[in-house]
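The dialogue below works through the reading of a protein model, one feature at a time. Please keep the structure in view.

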Amino acid sequence: MLEVEFCNIKMKNPTILAAGIMGSTAASLNWVARSGAGAVVTKSFGMEANPGYPNPTTVEVTGGFINAIGLSNPGVESFKGELEKLDRTIPAVASIYGAEPREFKDIAVQIEGMTDMIELNVSCPHAAGGCGSSVGQDPQITSQVIKAVKKVTNLPVIVKLTPNVTDIVEIAEAGRNAGCDGLTLINTVGPGMRIDLETAQPILHNKFGGLSGPAIKPIALRCVYEVYESVDVPIMGVGGIMDYKDAIEFLFAGSSCVQIGTAVYYKGFDVFRDICVGIERYMNRKGIESISEMVGKAHK
Ligand SMILES: Cc1cc2nc3c(=O)[nH]c(=O)nc-3n(C[C@H](O)[C@H](O)[C@H](O)COP(=O)(O)O)c2cc1C
């Protein structure tokens, strides 16, 4: 009843661990798989090791967190060691980033066959070393990245977009025209900041970071709704999903499945199972037989 198919990849349920949340090692990704998620996305990794920003990298705000981790990761060569150790009991998605199309392509070549899908992170708003969001704010560069990766991989390629643009539909259309198989909407919102009352200084080392958690849910939902309305590509919705009610709203807006990020910090890995139980009860109550019946219902 909860099964979904996304880009021809079957999942036992529509809940997926979002990129960057406990996804740096095979051990934690395997743990999430055992906790009941339908699929997992890795922490984003790039060509070379990246130390990211010094602490503090995360600060709590009303309605969520602001983070400026700066895409810290050990680089593709080292990350392959983790991918090799994945149990593969559920689909795994590799989240990759680069400064230019060639870098995305070179990483995709190196990890071919090690995961079930590739998510292109063209949208991190606070990447150290100049990589990240500028790629995904430009429809032409986004399209070049997708074309470069599609040439070298047989895996489905999904593109994670930033909401921090004037018109997200324009970027989504560029993605579809370039041949991406799916879209992930959205990365963090902002940037935003907090200031320490004792020192009168910004709290984050990078001063600014991306906002996640319940505060961004209405924006994420609107992005999914708008893109579903005009771009015919399957969507993974993400942004502030805390419980089954949030997840169902995203399905109605047009997501085929949902990614869960910040909620894992608040609720632990049980959140995947809890959301699934809630969705299933709702479906029983409403006489709904499949997740696909719910997808896009807010548009009908
Ligand atoms: C601590 C932290 C680290 C993140 N790292 C990544 C990352 O490496 N790659 C990426 O594409 N998104 C990253 N994100 C963004 C999330 O995957 C997600 O898009 C965003 O947080 C909104 O969802 P949420 O409100 O459920 O957390 C990160 C978010 C947080 C809070």
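The turns that follow treat helices, a buried strand residue, empty space and backbone geometry.

Q: What should be settled before any feature is read?

A: The model is predicted, so local features are given at pLDDT of at least 70 and side-chain atom pairs count only at pLDDT 80 or more, while totals for chains, interfaces and linings use all residues. Residues are numbered from 1 along each chain as its sequence is written, and side-chain values use heavy atoms, with hydrogens and water left out.

Q: How is the length of a helix checked, and what span should the 14 residues of helix α7 have?

A: Helices (H or I, at least four residues) and strands (E, at least two) are DSSP runs, numbered from the N terminus. The expected span of a helix is 1.5 Å times one less than its number of residues. Helix α7, residues 217–230, should therefore span 20 Å, and its end C-alpha atoms are 20 Å apart, in agreement.

Q: Which residues of α7 are buried, and which are exposed?

A: An α-helix has 3.6 residues a turn, so residues three or four places apart point the same way. Buried means under 20% relative accessible area, exposed over 50%, and partly exposed in between, with a 1.4 Å probe and protein chains only. In α7 the buried residues are Lys217, Ala220, Leu221, Cys223, Val224 and Val227. Viewed down the axis of α7, they fall within an arc of 160 degrees, so they line one face of the helix; the arc is that of the directions from the helix axis to the C-beta atoms. Pro218 and Glu229 are exposed on the other side of α7.

Q: What covers the buried residues of α7?

A: Contact means heavy atoms within 4.5 Å. The cover includes α6 (168–178), β10 (182–185), β13 (235–238) and α8 (244–253). Leu185 lies in strand β10 and counts as buried because its relative accessibility is 0%. Leaving aside neighbours within four places in sequence, Leu185 is in contact with residues including Cys223, Val224, Val227, Ile235 and Val238. Leu185 and Gln259 are 74 residues apart in sequence, yet their C-alpha atoms are 9.3 Å apart in space.

Q: How does helix α10 read by the same approach, and which elements do its buried residues pack against?

A: Helix α10 (residues 270–286) has 17 residues and reaches 25 Å from its first C-alpha to its last, close to the 24 Å expected. Its buried residues are Val271, Phe272, Ile275, Cys276, Gly278, Ile279, Tyr282 and Met283. Seen down the axis of α10, these fall within an arc of 165 degrees, so they line one face of the helix. They pack against β3, α1, α8, β14 and α9. The face of α10 turned away from the buried side carries the exposed residues Asp270, Arg281, Asn284 and Arg285. Gly287 follows α10 and has a positive phi, near 70 degrees.

Q: How is empty space located, and how many cavities of 30 Å³ or more are there?

A: Rolling a probe the size of a water molecule over the atoms shows where empty space is left. On a 1 Å grid over the protein atoms alone, a cavity is a set of points where a 1.4 Å probe fits but cannot get out; a pocket is an open set with protein on both sides within 12 Å along at least five of seven lines; lining residues have an atom within 4 Å of a point. Grid points are joined across faces, edges and corners, and a volume is the space filled by probe spheres set on the points. The structure holds one cavity of 30 Å³ or more, and the largest cavity has a volume of about 50 Å³. Helix α1 (residues 26–34) gives the largest share of its lining, three residues.

Q: Which residues are closest to the centre of the largest pocket?

A: The largest pocket holds about 530 Å³ of space. Of its 34 lining residues, Ala19, Ile21, Asn67, Thr188 and Ser212 are the closest to its centre.

Q: Where is the backbone unusual?

A: Most residues other than glycine have a negative phi, and most peptide bonds are trans. A cis peptide bond joins Asn55 and Pro56, with omega about -5 degrees, and Pro56 is found in the loop between β4 (39–41) and β5 (58–61). The bond from Gly190 to Pro191 is also cis, with omega near 5 degrees; Pro191 is found in strand β11 (residues 189–192). Met22 has a positive phi near 55 degrees and counts as partly exposed because its relative accessibility is 38%.
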